[in-house]
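Please work through the exercises below with the sequence and the structure at hand, and try each task before you read its solution.

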Amino acid sequence: MNKAFEDDCDEWADWYQMEPIERWNESQKLWVFYIQAGGSLDPEPDSQSPFDFIYAPRPASVDGRPGLRLVRRSGI
Amino acid sequence: MGGQACVLYGAAEFSRDTDIVLMTGAENLRRLSSALDALDARRIAVPPLSPEYLQKGHAIHFRCHQPDAKGMRVDVMSVMRGVAPFEELWPRRTTVELGPDTSCEVISLPDLVQAKKTQRDKDWPMIRRLVEANYAQHAASPTSQHVAFWLREARTVGLLLNVAEAFPELVPAVEALRPLLCFARVGQEARLAEALEQEEKREREIDRVYWAPLRQELEELRRR
């Protein structure tokens, strides 16, 4: 019989064998610590995500002015 | 259906948002809007919340401002590439009790694995862990459904060889859907490793192609 898990370690084996609620609770502890330590809730930069760019600041207009749009122009 | 679902099924992901899959429909959207209002959630990016964008496969992104959930992000989707429509996802979901009065409906493991087949590096080790966790939990007395799932979705040579060796009678049926199992069946490790790599590469390319027009649409919406 082959070895099923290629980089088997006790930590993963223990994690796999927990009940879903136990994993959830462990994950919540990490979450609480993360928030208390001032961790950011902003999206992680991920260049492979199809919507990574939507969180980026919009590019400045070419003339450097605020994003005014011309909606009507006089004849002059 | 995102990082929290991965944790519940046995992978490990530290997710900074909550991903929700929603059936589009007037009543559901009304209920979603009401829940988002209770969280004082405001949209933080394009596109706007509408059945049209959800049906096209876009995600709608929100950030909560209600004090108990301040800063938390919620992403809502209705359609995911390669994943069955909501009407099929719902009956096969898992209900998880998180407390005496709290339960949540979680996308099924096979559907979650399907949703994770994206162009992103980080999703592929997640699939591996999800399948391994399921194997670790059920290897002692698996059903034929478990075995078929492992044969369909396992991402490592070791696990595939192991399952193919233990359940040779179940391999041919799945091999029709996943031809690389022919290498697992005869123990060709190097060929199997190469085929797994190619399979991932193909799937990632399909995802890139799928997202190209959606990405373009997002860029246009962002320019408006």
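What follows is a set of exercises with worked solutions.

This is a predicted model, in which local features need pLDDT of at least 70 and side-chain atom pairs count only at pLDDT 80 or more, while totals for chains, interfaces and linings use all residues. Residues are numbered from 1 along each chain as its sequence is written, and chains are lettered from A and ligands numbered from 1 in the order in which they are written.

**Exercise 1. Describe chain A by its helices and strands and by the share of its residues that count as buried.**

Solution. Begin with the DSSP runs, where a helix (H or I) has at least four residues and a strand (E) at least two, numbered from the N terminus; chain A has two helices and zero strands. Then turn to burial, where a residue is buried if 20 or more other C-beta atoms, placed from the backbone, lie within 10 Å of its own; 7% of the 76 residues of chain A meet this.

**Exercise 2. Work out which residues and elements make the contact between chain A and chain B.**

Solution. Count the residues in contact, meaning that their C-beta atoms, placed from the backbone, lie within 7 Å: chain A gives 27 residues and chain B gives 33. Next, find the elements of chain B that each supply at least two residues to its side, among them strand E5 (94-99), helix H6 (123-138) and helix H11 (189-223). Finally, sort that side of chain B by class, which yields 18 nonpolar, seven polar and eight charged residues. Here Ala, Val, Leu, Ile, Met, Phe, Trp, Tyr, Cys and Pro count as nonpolar, Asp, Glu, Lys and Arg as charged, and the others, Gly among them, as polar.

**Exercise 3. Describe how helix H1 of chain A packs on H6(B).**

Solution. With axes fitted to C-alpha atoms over the stretch in contact, and angles running from 0 to 180 degrees between N-to-C directions, H1(A) (residues 10-17) and H6(B) pack at about 70 degrees with their axes 9 Å apart. H1(A) is therefore roughly perpendicular to H6(B), a term for angles of 65 to 115 degrees. Ala13(A), Tyr16(A) and Gln17(A) meet Glu132(B), Ala133(B), Ala136(B) and Gln137(B) in this contact, whose residues comprise four nonpolar, two polar and one charged.

**Exercise 4. Determine how E4(B) runs beside E1(B) and E3(B).**

Solution. Strands pair if DSSP finds at least two bridges between them. Strand E1 (residues 17-21) of chain B runs parallel to E4(B) (residues 73-77) with five bridges, and Ile20(B) stands opposite Val76(B). Strand E3 (residues 60-64) of chain B runs antiparallel to E4(B) with four bridges, and Arg63(B) has Arg73(B) as its bridge partner.

Conventions: Contact = placed C-beta atoms within 7 Å. Buried ≥ 20, exposed ≤ 12 C-beta atoms within 10 Å, placed from the backbone. Parallel < 35°, antiparallel > 145°, perpendicular 65-115°, else oblique.
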